[in-house]
Amino acid sequence: MTVFSNTERMNHPTIVKVISENKGGLSDEIPHLVYISREKRPKHPHHYKAGAMNVLTRVSGLMTNAPFMLNVDCDMYANNPEIVLQAMCLHLGSKNENEFAFIQSPQYFYDRPENLCILNEYIGKGIVGIQGPFYQGTGTFHRRDVVYGLCLDQIEHQGNIVEDELLKKFGNSKEFIKSAAQTLEGKTGGYSSNISRSLDEAHRVADCGYEYGSSWGDEVGCLYGATAEDNLTGLVIHSKGWRSGYCLPIPHAFLGCASPSGPAGMRQQKRWATGLLEILFSKRNPILATLIGKLQFRQCLAYLWILTWGLRSIPELCYIALPAYCIITNSTFLPKVQEPTVLIPLALFLIYKLYTLLEYIQAGLSIRSWWVNNCMARIVTTSAWLFGLVNAALEQFGFSEAVFEITQKIHRSSDVDEVMFDDSPFFVPGTTIILVHLAAWATGLLRLQSQCAHGSGLGDYFCSVYVVLCFFPFLRGLFMTGKKGIPWSTIGKSTALALLFVQWCKMMSSMN
């Protein structure tokens, strides 16, 4: 088609093409298939995925105005042919048909089945008993009227809506206003199955300037203001009193491609941490949603647990550096092996590790998966989440703007767990941690001949060895070449930081 020729990715007009049309409106025929590419111009913000979702919502409202919408990412596919039927059973078959605002199917990956498995198995199922799971941005069946901003307490007052009152809220397309009014009045049907006649208006509502002066992204549709637009949208929906449902069929509803264990995966984790902290620091945080909205207290705690992921990077980085600090300064933060109180931290450590291992075994995962994910959690927290925290802080103080970084998905076999390195700053913290602990071991070996009654104990060395094992990919990367090896530029930066840390430790030791 000529419309696709010489089209710039970030500078092109609206493209709406009806690829296949079910003109008869028959249920046993292939449904409509429409390609949509919204208008993009360099000087107009397009709000990334949230903006695309809102354009799709408006165009589908003009063409079919179906009461339910399915949101699936482009790297995922339907793995269970009955998922739509099962989701509609939850939407329409509950005691109260207005109970659920959306039905969420958890994310699973065909090339890395253990990823997010524990999160879905325990956290996902756990919050079903409160107000329901978070909106995960994919595998979600939305109610159109809720996406249009309908509150739960407005259900009983649904009736005739004055279309002029919706102009400021939904934009100046009268055709779309009619479809939105029909949806908010709780009516279904009434729109022709011939979608080709709505093409002109579809182009209009997909233009980049259509949302100016409207409530799209603020009160209507997928919300703007955070790169984690899915979590923000779900939070606001829950704060209006709605619940969400959890659909976990066998086999899994949708399967996708997991992000690789390298810079692309780190960028995705950084984006998540940044976006979640943007919500935490915004006026739509769960605390205010509980105080002045209808978010339940326990649901508020669940949201706070995920929104504070980025904040964990600071205490975890301190704990990881603590054993090395104690070895270098010839001090200790744990009781001596001969002291009975050493059993307290040892018991806490073993109980926690055995409990998390049991979670993996009960979920049908291997011990290897448990250990790999345990190590990756330490690496991601001290690198990607740390950069996410810094990025969110810079945004709050006005030094930078939010940027949605797209994650590149690369298919690879499920048995590949190796970390690929490049000169990205994401790998500087992990390399520095390894060098710091190696320097601590060297310092400890040089002190073996001295008799210090109050020096470092076995507990400090045990913790240091545990940290090195968690960051073992970085230790191996110091001696490898190619993509499996850490670049010299990263080693140089990390060496400088490690030397500064060692010098600081010696300075603190001399002061004491």
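**Helix α6, the cores and the annotated sites**

Me: Which residues of α6 are buried?
Reply: In this predicted model, helix α6 runs over residues 174-184 and is mostly covered, with 8 of its 11 residues buried. The cut-off for that label is a relative accessible area under 20%. The residues of α6 that meet it are F176, I177, S179, A180, A181, Q182, T183 and L184.

Me: Which helices do the buried residues of α6 pack against?
Reply: Helix α6 is mostly covered, and its buried residues, which include F176 and L184, have helices as packing partners. Just beyond the helix comes G186, a residue with a positive phi near 80°. The partners of the buried α6 residues are α1 (48-63), α4 (144-147), α5 (167-170) and α7 (199-205).

Me: Does S179 count as buried or exposed?
Reply: S179 has its place in helix α6, and its relative accessibility is 0%. Since a residue needs to be under 20% to be called buried, S179 counts as buried.

Me: Which backbone oxygen does the side chain of S179 reach?
Reply: Both S179 and F176 appear among the buried residues of α6. Residues three or four places apart on an α-helix point the same way, because there are 3.6 residues a turn. At a distance of 2.8 Å, the side chain of S179 reaches the backbone oxygen of F176.

Me: Which domains give residues to the largest nonpolar core?
Reply: This core holds 60 residues, and the members that touch the most others are I279, I434, F471, F474, L478 and F501. The core lies between two domains, because each of them gives residues to it: domain 1 (15-258) and domain 2 (312-386 + 416-511).

Me: How many residues are in the second, separate core?
Reply: The largest nonpolar core has I279 and F501 among its best-connected members. Apart from it there is a second, separate core, which includes M63, V146, Y210 and Y224, and its number of residues is 31.

Me: Which residues does L478 touch, not counting those up to four places away in sequence?
Reply: L478 is one of the residues of the largest nonpolar core that touch the most other members. An unreviewed UniProt entry lists residues 426-446, 458-479 and 485-505 under "transmembrane region". In the model, residues 426-446 are 90% helix and 0% strand, with end C-alpha atoms 32 Å apart, while the span 458-479 is 86% helix and 0% strand, with its end C-alpha atoms 28 Å apart. Setting aside residues up to four places away in sequence, L478 touches T431, I434, L435, L438, I486 and I491.

Me: What is the largest C-alpha distance between the residues that UniProt lists as "binding site"?
Reply: The unreviewed UniProt entry lists K49 and D73 under that heading. K49 has its place in helix α1, whereas D73 is in the loop between β3 (68-71) and β4 (76-78). Although they are spread over 25 residues of sequence, they cluster in space, and the largest C-alpha distance is 9.9 Å.

Me: Which residues is D73 in contact with, leaving aside its neighbours within four places in sequence?
Reply: D73 has a relative accessible area of 25%, so it is partly exposed. Leaving aside neighbours within four places in sequence, the residues in contact with D73 are K49, G137 and T138.

Me: Among contacts in the protein between residues at least 6 apart in sequence, what percentage joins residues at least 24 apart?
Reply: The protein has 19 helices and 8 strands, and buried residues make up 49% of its 512 residues. It exposes about 26,100 Å², of which carbon and sulfur atoms supply 62%. Among contacts between residues at least 6 apart in sequence, the share that joins residues at least 24 apart is 81%.

Definitions and conventions. Residues numbered from 1 in each chain as written. Predicted model: local features only at pLDDT ≥ 70, side-chain atom pairs only at ≥ 80, totals over all residues. Heavy atoms only, no water. Core = buried A, V, L, I, M, F, W, Y, C linked by side-chain atoms within 4.5 Å. Buried < 20%, exposed > 50% of the residue type's maximum accessible area, 1.4 Å probe, protein only. Domains from an automatic or database assignment. Contact = heavy atoms within 4.5 Å. Helix = DSSP H or I, 4+ residues; strand = E, 2+ residues; numbered from the N terminus. Polar contact = N/O pair within 3.5 Å; in protein donor to acceptor, adjacent residues only side chain to side chain. UniProt positions renumbered as here; feature names shortened; annotations may be inferred. Areas by Shrake-Rupley, 256 points an atom, 1.4 Å probe, with all protein chains shown as cover.
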